[in-house]
Amino acid sequence: MKKITCSVLLAFLLTFFAAAEEDFFSNTLGLSTGFPLYGSNTLSQDVNEIPSDKRVIIGAFYNFNINVIKQISFFAGADILCDFNWNADYYKHFLHTGIPVGLKIYPGLAGFSLGMAYEFGFRTDFIKYLTGEQKVLPTAWGNGFKFMIEYNFAHDTKYKHMPTIGCSWNFMPRGNYSFDNILSFYLAGNF
């Protein structure tokens, strides 16, 4: 029985390897920026107190992709988005960390895809008050979701190292009935 199951599974995988134009396994590495919308009113007010020219939002992500067929790709990865806010005497930095697991669907419009993922993660707040006191405050782990729209220039071509551009919306619970919404824009490389 085990030999039959292994043979069927091997035939199934070989069929997908033969049918896929892209590599069965691929990687995506990218840089992002965005707009974190904090669910906590206190946190939102704290961020708004700092002048906008003293704020930098930058992130990075990595996805490991399994390209099952031309129209469907599964992925798992890691996201980091840093929201740096500072003034002369104090700072409030926020590090968003997430682990998404999801899929992308290509509806037949070249490299255009729609994606969704289950994501779990947390945020760590690094704060220095006017008094000079410093704190590191991690939030509780949250289970959220992520929706993506992107265009992968490598999807329908023989050149697999073309870039991907996209945007996403990430909804993450942070504990104490607080939810962060993160709108991101990204540019990624495929390899």
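# Close-up views of a predicted model

**View 1. The lining of the largest pocket.** The residues that line the largest pocket divide into five nonpolar, six polar and five charged. This view, like those that follow, shows a predicted model. The space in the largest pocket comes to about 270 Å³, and of the 16 residues that line the largest pocket, S40, L43, R123, D125 and T139 are the closest to its centre. At least two lining residues each are supplied by α2 (41-49), β5 (112-128), β6 (134-138) and β8.

**View 2. A network of salt bridges with R123 and D125.** R123 and D125, which are among the residues closest to the centre of the largest pocket, are linked with R174 and D180 in a network of salt bridges. Within this group, R174 forms a salt bridge with D180, and the closest N and O atoms of the two are 2.8 Å apart. Both R174 and D180 are buried.

**View 3. The largest cavity.** By the rule applied here, the structure has two cavities of 30 Å³ or more, and the largest cavity holds about 480 Å³ of space. Of the 41 residues that line the largest cavity, F61, N63, D79, K146 and Y186 are the closest to its centre. The lining draws at least two residues from each of the strands β1 (25-37), β2 (55-69), β3, β4 (91-105), β7, β8 (163-175) and β9 (178-190). By residue type, the lining of the largest cavity divides into 15 nonpolar, 17 polar and nine charged.

**View 4. The salt bridge between K146 and D79.** K146 and D79, both among the residues closest to the centre of the largest cavity, form a salt bridge in which the closest N and O atoms are 2.5 Å apart. This pair links distant parts of the chain, since K146 lies in strand β7 (residues 142-152) and D79 in strand β3 (residues 72-86), 67 residues apart. K146 counts as buried because its relative accessibility is 11%, and D79 is likewise buried, with a relative accessible area of 12%.

**View 5. The salt bridge between K135 and E133.** Among the seven salt bridges that the structure holds is one between K135 and E133, whose closest N and O atoms are 3.9 Å apart. K135 counts as partly exposed, with a relative accessibility of 35%, and E133 is partly exposed as well, with a relative accessible area of 41%.

**View 6. The largest nonpolar core and the surroundings of F75.** In soluble globular proteins, nonpolar side chains tend to be buried together. Here the largest nonpolar core is made up of six residues, namely F61, F75, A117, M148, Y186 and A188. Once neighbours within four places in sequence are left aside, the contacts of F75 include two other members of this core, A117 and M148. F75 is also in contact with N63, F64 and N65, with P100, V101, G102, L103 and K104, and with M116.

**View 7. I182 and its contacts.** I182 lies in strand β9 and is buried, with a relative accessible area of 5%. Although I182 and Y38 are 144 residues apart in sequence, their C-alpha atoms are 8.3 Å apart in space. Leaving aside neighbours within four places in sequence, I182 is in contact with F35, P36, L81, H96, S168, W169, N170 and R174. R174 is the residue that forms a salt bridge with D180 in View 2.

Key:
Residues are numbered from 1 along each chain as its sequence is written. This is a predicted model: local features need pLDDT of at least 70, side-chain atom pairs count only at pLDDT 80 or more; totals for chains, interfaces and linings use all residues. Side-chain values use heavy atoms; hydrogens and water are left out. A nonpolar core is a set of buried Ala, Val, Leu, Ile, Met, Phe, Trp, Tyr and Cys residues joined through side-chain atoms within 4.5 Å. Buried means under 20% relative accessible area, exposed over 50%, partly exposed in between (1.4 Å probe, protein chains only). Contact means heavy atoms within 4.5 Å. A salt bridge is a side-chain nitrogen of Lys or Arg within 4 Å of a carboxyl oxygen of Asp or Glu. Helices (H or I, at least four residues) and strands (E, at least two) are DSSP runs, numbered from the N terminus. On a 1 Å grid over the protein atoms alone, a cavity is a set of points where a 1.4 Å probe fits but cannot get out, and a pocket is an open set with protein on both sides within 12 Å along at least five of seven lines; lining residues have an atom within 4 Å of a point. Grid points are joined across faces, edges and corners, and a volume is the space filled by probe spheres set on the points. Ala, Val, Leu, Ile, Met, Phe, Trp, Tyr, Cys and Pro count as nonpolar, Asp, Glu, Lys and Arg as charged, and the others, Gly among them, as polar.
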